[in-house]
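Reader: Hello! Could you take one part of this model and walk me through it closely, along with its surroundings? I would enjoy one connected account.

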Amino acid sequence: MTTTSHTTSAILTELTQTTPARLLGSLARLIFRRYYHLSFVLNRVGTPLGIGPKEKYRLLRKIQKNVNSTRGGSTLEQHLLLAEELMKIAVHVQGDVVECGCWRGTSSASLSLVCSLIGRRLYVCDSFEGLPEPKNDAERYDIHAGSTEYYVWQKGEYSADLNSVRHTISMYGDISVCEFVVGYFAESLRTLNVERIAFVFEDADLASSVESCIIHLWPRMPEGGRFYSHEPWSEHVVALFYDRDWWRSTFNSHIPGFYGSGKGILAGLEYSGIGYTEKYDLERLKRAGRKRIRDGSRSEGVQRSDQPDR
Ligand SMILES: C[S@@+](CC[C@H](N)C(=O)[O-])C[C@H]1O[C@@H](n2cnc3c(N)ncnc32)[C@H](O)[C@@H]1O
């Protein structure tokens, strides 16, 4: 699947060098996206929760309306991918959903719609004052993989106040499942009133912000719990998940690694711009003699069966 997609992507890049071909590329992308929307509605993900094609079509339309109306920092396809992953959490796994980095509330509104369907609460965490000061210059200047440009992060960027986010979610999502956690993560997540976290989505841009999320959220995630990231393109963010010394000294743990580094995991036939890591206890798996088969060597089914709830 990865090879096919690499080829598809290479052909598309080739095609888009010329103007008529650019049109063809756009058309192909449109078809890919429509294919993904259709498969989102028709596949069996959600069935064990009683969520069928009719509910998923309604969800798709609401998410579409939200994305088109609110001008956030994430795409319809990214929201669908997160929706599918949320619906795949095994029914027996307890825990809430935490979003770190909501800006105008676009991603929060979509996540809230899904949380409402799957019966989980959504904790929307943000400073509501935009980004904090980058930790240093290495963090301030960030190369985007596959681009000839770079980011210059600045304090206060992506600022939207709590009332406007509440308004967005009330208009396009389901505010009844939301709790708001205000402040910079290093402090606000310390006192987050959630015992178990089944799913995290971070879209915080800065590696130091993501580090704070890991420090405070990881210990409350169950084995098999996933931490999704909107920053698979960022060398600084991805490096966090491979820093052996940091994981050993912070959690006395092995590194979890990261799936989708670069352009993210696939959403249908395109790269999503979203990657993830998963919590597992290697020593326990070894003791139990449990072999682990990773994505790519099996299909993931309608629910993730590898989530012990302990
Ligand atoms: C790119 S925006 C999020 C976009 C949003 N997820 C969407 O889809 O539209 C990044 C957000 O992360 C928040 N943020 C980044 N670092 C933070 C930190 N350390 N503490 C609190 N909020 C932070 C910013 O305030 C901003 O709202």
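Author: Happily; here is a close look at one strand, followed by the ligand shell and a few individual residues.

This is a predicted model, in which local features need pLDDT of at least 70 and side-chain atom pairs count only at pLDDT 80 or more, while totals for chains, interfaces and linings use all residues. Residues are numbered from 1 along each chain as its sequence is written.

Let us start with strand β6, residues 197–202. Strands here are DSSP E runs of at least two residues and helices are H or I runs of at least four, numbered from the N terminus. In β6, 6 of its 6 residues are buried, where buried means 20 or more other C-beta atoms within 10 Å of a residue's own, exposed means 12 or fewer, and partly exposed lies in between, with C-beta atoms placed from the backbone.

β6 has a parallel partner in β1 (residues 96–100), joined to it over 5 bridges; two strands pair if DSSP finds at least two bridges between them. Across this pairing, Cys100 stands opposite Glu202 of β6. Strand β7 (residues 226–229) also runs parallel to β6, with 4 bridges between them, and there Val200 has Phe227 as its bridge partner. Together, β6, α9 and β7 form a right-handed β-α-β unit: with the strands pointing away from the viewer, the path from the first strand over the helix to the second runs clockwise.

Helix α9 (207–217) leads us to the ligand, since α9 and α5 (106–118) each supply at least two residues of its shell. A residue is near a molecule if its C-beta atom, placed from the backbone, lies within 6 Å of it. There are 23 residues around the ligand, and Gly72, Ser74, Gly101, Ser107 and Ser209 come nearest. The shell has 9 nonpolar, 10 polar and 4 charged residues.

From α5 we can step across to helix α7 (residues 162–172), which holds Ile169. Ile169 is 59 residues from Ser110 in sequence, yet their C-alpha atoms are 8.3 Å apart. Ile169 counts as buried because it has 29 C-beta neighbours inside 10 Å.

Two backbone details round this off. Tyr158, in the loop between β4 (150–152) and α7, has a positive phi of about 60° although it is not a glycine. Arg71, in the loop between α3 (53–70) and α4 (76–87), likewise has a positive phi, of about 50°. Tyr158 is buried, with 20 other C-beta atoms within 10 Å, whereas Arg71 is exposed, with 9.

Note on methods
Ala, Val, Leu, Ile, Met, Phe, Trp, Tyr, Cys and Pro count as nonpolar, Asp, Glu, Lys and Arg as charged, and the others, Gly among them, as polar.
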